[in-house]
Amino acid sequence: MYTMENHNSVLGIREYALNGGAAAFSVDVAEVVDHDQPNSGRSAFKIIPHQEQRRSEHRFLKKEATGDTYNLFAFPSECNFSGLRFNLDLVNFMKEDSYEMFESSPHHRGNWMVLIDAAKGSTTAPPDLSKYKADYVVVSFYKLFGYPTGLGALIVRNEAAKLMKKTYFSGGTVAASIADIDFFKRREGAEEYFEDGTISFLSIVSLHHGFKILNALTMPAISRHASSLATYVRNKLLDLRHANGHHVCTLYGLRDSEVLCTKMGPTVSFNLRRPEGSWFGYREVEKLASLSGVQLRTGCFCNPGACAKYLGLSHSDLLSNVEAGHVCWDDCDIMKGKPTGAVRVSFGYMSTFGDARKFLRFIENGFVVLPPVARAIHPVTEDADKAIARYFLKSVTIYPIKSCAGFSVESWPLTRTGLLHDREWLLKSLNGEILTQKKVPDMCYITTLIDLNLEILCVESPRCKEKLQIKLKSDPTISEKEEMKIYSQRYEVQASSDEVDNWFSKAVGQHCTLIRNTGSISHSCPIRDKSPGICRDIATSLNFVNEAQFLLISEESVVDLNNRLRSKLQNGSHEPPTEVTSMRFRPNLVMSGGKPYIEDEWRNLKIGDNYFFIGRLQSLPDDQHDL
């Protein structure tokens with residue numbers, strides 16, 4: 001039996017129970033008031049079981065549990081998803097009062113052993129084992145000190161150690177063995193026959209220094225310090241509101257902490273909303289945080305039960321997400337309008353108030369939509385236009401084939417995928433690898449041009465004598481459409497003819513095939529009226545781009561970059577100066593006007609009648625507009 005809030009490392013233990021013919025089930029735990037003994041000082045709990053799990057029916061344990069039967073209850077001292085700290089009175093409740101809880105269950109006659117996963121909780125609030133008689137406690141030295149990785153400990157009561165069985169043995173775990181007959185003798189101490197092979201003694205030596213730091217700071221002081229930072233951040237996040245009054249952050253675990261009458265650990269788990277209520281994807285938050293020098297973690301944190309519980313994901317939601325291709329560590333952060341994970345920040349003895357403030361500034365500057373600020377306008381002269389900063393769109397470039405050369409235009413249609421036909425094709429090697437200029441530099445010599453009137457994509461290469469012409473209108477007779485996952489997005493694609501593939505194979509010097517995006521399969525957000533709708537879950541609105549529909553850069557930023565490069569070369573270098581052009585960055589839009597890097601400060605942009613949101617993915621209407 002285990003609480004819903006448990007790490008995968010604990011969930012994996014149930015495999016032994018299920019394979020052995022035993023039952024396994026998760027539970028929710030609620031703390032209740034004991035009206036019979038209100039002043040006893042002891043907590044009372046209500047255990048709410050979920051569906052019982054069984055496997056291999058022919059191996060079920062048929063007989064009723066007796067006093068010789070042992071059951072295991074596992075729970076974390078602190079949930080690594082939400083930071084919720086469990087009341088450790090659960091240990092004594094399971095050891096002494098579980099008969100009342102399971103009175104009508106076949107489990108009530110067995111002996112309940114208790115496992116505490118204290119890997120996260122021990123960093124600031126280690127359990128007092130003289131008060132809470134747990135049988136097994138797991139700790140992580142990496143989480144305690146930040147070093148060394150991969151080293152932890154299982155703390156076992158001597159009485160419980162006698163119940164632990166082990167089949168495999170290796171060097172150092174047996175007192176004697178004979179190679180050609182069935183004979184071996186285990187070593188007697190639990191630590192001796194459970195530690196296979198050569199232990200990490202060099203890493204273990206370093207633990208002395210870690211404990212020395214903790215003892216010098218004292219655990220109560222560390223707990224107060226980390227908890228105060230986390231509380232400060234939680235309160236600030238709860239206070240954040242958009243201009244329309246809607247909350248920016250949804251925090252997880254706070255409501256449960258009130259129910260369980262327990263404290264929160266120094267972990268803050270949350271998701272962010274836009275003013276209209278849609279979610280920011282946690283991967284978007286993580287990437288922007290990294291650019292801002294903020295290190296945080298996103299996803300489910302290997303805690304699927306807590307993740308599903310707090311995000312409100314049903315079994316059907318979880319299974320449909322998996323069937324749609326979602327797995328741990330991918331970029332599918334929003335599916336069917338719901339987050340698949342969260343953002344988490346954690347504090348420890350090395351964290352500072354400055355760290356907390358930097359994180360909050362990152363959230364405030366990047367995700368809070370404030371009311372427009374009235375700006376003073378200076379008196380205008382006859383040259384009014386010259387007195388106001390002006391920005392100009394200098395060029396528009398389309399790159400039909402990813403990583404191949406593009407072409408510039410005076411005007412071009414806009415669609416919900418961005419510029420019409422931009423990055424609509426890509427080259428894929430025979431082993432499925434996506435070809436880019438990083439891997440195949442000669443791709444930059446492949447030029448492209450689209451004639452919208454003739455509906456033809458023209459491609460040329462110095463390696464090919466003949467110019468290639470590809471019809472823009474898809475030909476279903478060439479190949480069937482197939483489903484493919486590219487850049488963590490699922491697309492419906494169509495391959496090209498053998499003639500086209502042979503041409504590109506010659507152009508890049510290796511066998512490859514040209515793939516065209518005919519539509520992605522993931523869900524997209526609905527578009528409301530004519531207003532620009534913003535949503536992270538818009539896989540159907542992306543071609544083969546890395547981040548968003550458009551890439552914008554300013555000429556002044558490139559000029560400043562070249563000045564910096566020249567200044568470095570003047571320090572004794574005889575190499576010719578390096579000159580970088582705007583096209584080096586393969587932008588769709590090149591702007592001019594203003595100071596260098598001013599575009600980094602923009603939050604939205606209007607070109608003609610078209611609105612663009614900087615650093616955000618935008619869904620455009622299905623009908624076309626010209627840029």
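Modeller: A residue counts as buried when its relative accessible area is under 20%, exposed when it is over 50%, and partly exposed in between. Aspartate 422 falls in the buried class, and so does arginine 423. One caution before your questions: this is a predicted model.

Colleague: What makes aspartate 422 and arginine 423 a salt bridge?

Modeller: Their side chains meet at 2.8 Å, N to O. The cut-off is 4 Å between a side-chain nitrogen of Lys or Arg and a carboxyl oxygen of Asp or Glu, so this pair, at 2.8 Å, qualifies. In general, side chains of opposite charge can pair when their charged atoms come close.

Colleague: How many salt bridges are there in the whole structure?

Modeller: The search finds 22. Some share partners: Glu5, Asp28 and Lys309 are joined into one network in that way.

Colleague: Why do you say that the pair of aspartate 135 and lysine 95 ties parts of the chain together?

Modeller: Start with the distance: the closest N and O atoms of aspartate 135 and lysine 95 are 2.8 Å apart. Aspartate 135 sits in the loop between E5 and E6, while lysine 95 belongs to helix H3, so the salt bridge links parts 40 residues apart in sequence.

Colleague: Are those two partners buried or partly exposed, and how do you know?

Modeller: There is one of each. Aspartate 135 has 7% relative accessibility, so it is buried. Lysine 95 has 33%, so it is partly exposed.

Colleague: And what makes aspartate 331 and arginine 283 a salt bridge?

Modeller: Their closest N and O atoms are 2.5 Å apart, and the limit is 4 Å. Aspartate 331 lies in the loop between helix H13 (315–323) and strand E13 (334–335), and arginine 283 lies in helix H11 (residues 282–291), so this pair ties together parts 48 residues apart in sequence. Both aspartate 331 and arginine 283 are buried.

Colleague: On to cysteines. Why is the pair of cysteine 300 and cysteine 307 called a disulfide?

Modeller: Their sulfur atoms are 2.0 Å apart. The criterion is a pair of cysteine sulfur atoms within 2.5 Å, so the pair passes. The structure holds 1 disulfide. Its link is left-handed, with -45 degrees about the S-S bond.

Colleague: Which classes of exposure do cysteine 300 and cysteine 307 fall into?

Modeller: Cysteine 300 is partly exposed, because its relative accessibility is 25%. Cysteine 307 is buried, because its value is 1%.

Colleague: How do you know that cysteine 404 is in no disulfide?

Modeller: The nearest cysteine sulfur belongs to cysteine 512 and is 9.1 Å away. With a limit of 2.5 Å, cysteine 404 is therefore left unpaired. Cysteine 404 is also buried, at 0% relative accessible area.

Colleague: What makes up the largest nonpolar core?

Modeller: It has 37 residues, of which Met1, Phe73, Phe75, Phe81, Leu90 and Ile116 touch the most other members. Elements giving two or more residues include strand E2 (26–32), strand E4 (70–76) and helix H3 (89–96). Helix H12 gives the largest share, 5 residues. Leucine 90 shows the packing: leaving aside neighbours within four places in sequence, its contacts are Val29, Phe45, Ile47, Phe73 and Phe75. Apart from this core lies another of 36 residues, among them Leu419, Met443, Ala507 and Leu605.

Colleague: Why is phenylalanine 145 called buried?

Modeller: Its relative accessible area is 8%, so it falls below the 20% limit. Phenylalanine 145 is in helix H5 (residues 141–145). Not counting residues up to four places away in sequence, phenylalanine 145 touches Leu207, Gly210, Phe211, Leu214, Tyr349 and Met350. Its C-alpha is 8.7 Å from that of isoleucine 213, though 68 residues separate the two in sequence.

Colleague: Which residues make a nonpolar patch on the surface?

Modeller: Ile199, Phe201, Leu202 and Ile204 make a patch of about 400 Å². Take isoleucine 204, in helix H8 (residues 201–217). Its relative accessible area is 37%, so it is partly exposed, and a patch residue needs over 30%.

Colleague: What share of the chain counts as buried?

Modeller: Of the 627 residues, 46% do. The chain has 17 helices and 33 strands.

Definitions and conventions. Residues numbered from 1 in each chain as written. Predicted model: local features only at pLDDT ≥ 70, side-chain atom pairs only at ≥ 80, totals over all residues. Heavy atoms only, no water. Buried < 20%, exposed > 50% of the residue type's maximum accessible area, 1.4 Å probe, protein only. Patch = residues over 30% accessible without salt bridge, like charges linked within 9 Å, V, L, I, M, F, W, Y side chains within 5 Å. Areas by Shrake-Rupley, 256 points an atom, 1.4 Å probe, with all protein chains shown as cover. Helix = DSSP H or I, 4+ residues; strand = E, 2+ residues; numbered from the N terminus. Core = buried A, V, L, I, M, F, W, Y, C linked by side-chain atoms within 4.5 Å. Contact = heavy atoms within 4.5 Å.
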